[in-house]
Amino acid sequence: MRRVIHWFRRDLRITDNTALWHACNESDEIIPVYILSTWKKRHSWTGPNRQEFLCGCLESLSRNLEAIGGRLILRAGDPVQELEKLIHETHADRIYFNRGTDPYSIEVQQQLEQVSEKLNIQTFSYKDTTIFDPNEVLTREGHPFRVFTPYARTWHQQEKPSILPKIRTLQTLPPLFSLPVPTLDYWGLTSESKIIESGEKAARKRLTDFLNGAIGAYREKRNFPGERVTSRLSQDLRFGTLSPRQVYFGCVEASKETSGTIRRSIDSYVNELVWREFYMQILAHFPGVLDDDFSDQFFALQWDENDSALKRWCDGVTGFPIVDAGMRELNATGFMPNRVRMIVAMFLTKDLHLHWRKGERYFMQKLVDGDMALNNGGWQWSAGTGADAAPYFRIQNPWSQTKRYDPAGLYIKTWVPELREVDPIRFTQSPTARLAKDYPMPIVDHAAERLKTLERFNRARRGAVSVSVRARRAAAM
Ligand SMILES: Cc1cc2nc3c(=O)[nH]c(=O)nc-3n(C[C@H](O)[C@H](O)[C@H](O)COP(=O)(O)OP(=O)(O)OC[C@H]3O[C@@H](n4cnc5c(N)ncnc54)[C@H](O)[C@@H]3O)c2cc1C
């Protein structure tokens, strides 16, 4: 009789879950456990939106496990200590889990390996959060890729792991203590946004709806925030209510039934899944990106300190309608479309000259899909400091971005009610008078700030910034 533990992490589903599937096949009894972290003390990088989504995922996971005969055990605290206690309580002799690829997950995994060795139990870890592990897609010389295109080419050439068969039954014995499924109260939080529905069933429905509908228009319309054609699966990939294989092979199947424009549209969607894995391998191989620029060209770049400008950006009252619409959507729902994320990120870093880390942190506190690797990648891309980033001189103009991607003001009018009666043509050019009585004038002049940014980047590149600026920058962080 073999009794094992399955440790749930970023894999909150029972379908196509690699470690859970192996645990089921290689044991008689499974103890499926999730350990709530005391995030308030340890991570200042999350907030009510992501915690609320997590609560919903745990609720759904608990129901799904019960439906196949199992029971989710919830504990709280340091994961390694809690797993150790559970081993003593249950006499399980194996722990199964899916590997994380960020530096914190890797550290916990290493600690668990040490404890397991001490207790003489075996750990079995699997690739699951990505289609390829960071070490599976490498250059011919065996180095990590720093540039997306050759990474993507290699990614596409490799054979993908298949979707696993369904788990039909799972036995959880003996009766064990479990905390109740938490609500936000557990962390002393209250709900602050209207977030998307959580859980495996809701995630699968989103995927099916997308594959049967909007994916055909994805390539053409994905950058138009008012059109809402993107998949809205980022939080599901983040929490593992879907596996990346389910999404990828869903695309492969959809591709078989079609050709031409729609197939190209599906390909461009798959390309985004590859960007996801590209950033995850960047963080795994270069964990220093969480603290510093990926590129060492701009070490001496001068950033400003301006709390009131930061607050206006966070609150969505900069007087730039597209920026304000994005920030208000983020504050109201914990989501923002990719094009708008790029616009607000470039605005913070290149119009307000505030460090990308300030925006990165605010996003992590608000985004339901907040993911250390993708968020850092997106911020450093926008700031021009990242892996395969936008060239520093490519500074998006919020007015012309609006003209191109929200010409009828659909998106802006949804999120900035003060502007609902304004002619959308006025959102596409720097105003000389207020757009509406209750709406502020632009906080800066984009043309002037663009020149300032170019000058700062050029100065940093020439290495002409004095050592005292470096020292000031270090002191400010
Ligand atoms: C400044 C900035 C911060 C970001 N922070 C995050 C974050 O914390 N978490 C997160 O999941 N995404 C982040 N992104 C990437 C992207 O904006 C979101 O993944 C996307 O908007 C989610 O919506 P969707 O699921 O409808 O995307 P779709 O367009 O339908 O894309 C499908 C999936 O591909 C992946 N993906 C899409 N765009 C990107 C991209 N540019 N880079 C990497 N992967 C991508 C996501 O997993 C997404 O769910 C960030 C982008 C920027 C510019």
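Two exercises on the ligand shell and the cysteines of a predicted model follow.

Residues are numbered from 1 along each chain as its sequence is written. In this predicted model, local features need pLDDT of at least 70, side-chain atom pairs count only at pLDDT 80 or more, and totals for chains, interfaces and linings use all residues, while side-chain values use heavy atoms and leave out hydrogens and water.

**Exercise 1.** Describe the shell around the ligand.

Step 1. A residue is near the ligand if one of its heavy atoms lies within 4 Å of it. The ligand is surrounded by 28 residues, and Y218, T230, S231, R232 and N338 are the closest.

Step 2. Sort the shell by class: 15 residues are nonpolar, seven polar and six charged. Nonpolar here covers Ala, Val, Leu, Ile, Met, Phe, Trp, Tyr, Cys and Pro; charged covers Asp, Glu, Lys and Arg; the others, Gly among them, are polar.

Step 3. List the polar contacts (pairs of N or O atoms within 3.5 Å). Oxygen atoms of the ligand lie 2.5 Å from a polar side-chain atom of Y218 and 3.4 Å from one of R341. A side-chain N or O atom of N375 is 3.1 Å from a ligand nitrogen atom.

Step 4. Take the cover: of the 820 Å² of accessible area that the ligand has on its own, the protein covers 96% (Shrake-Rupley method, 1.4 Å probe).

**Exercise 2.** Determine how many disulfides there are and examine C55.

Step 1. Apply the cut-off, a pair of cysteine sulfur atoms within 2.5 Å. The count is zero disulfides.

Step 2. For C55, the nearest cysteine sulfur belongs to C57 and is 9.1 Å away.

Step 3. C55 counts as buried because its relative accessibility is 8%, where buried means under 20% relative accessible area (1.4 Å probe, protein chains only).

Notes
A polar contact is a pair of N or O atoms within 3.5 Å; within protein, one must be able to donate a hydrogen and the other to accept it, and residues adjacent in sequence count only if both atoms are side-chain atoms. Buried means under 20% relative accessible area, exposed over 50%, partly exposed in between (1.4 Å probe, protein chains only).
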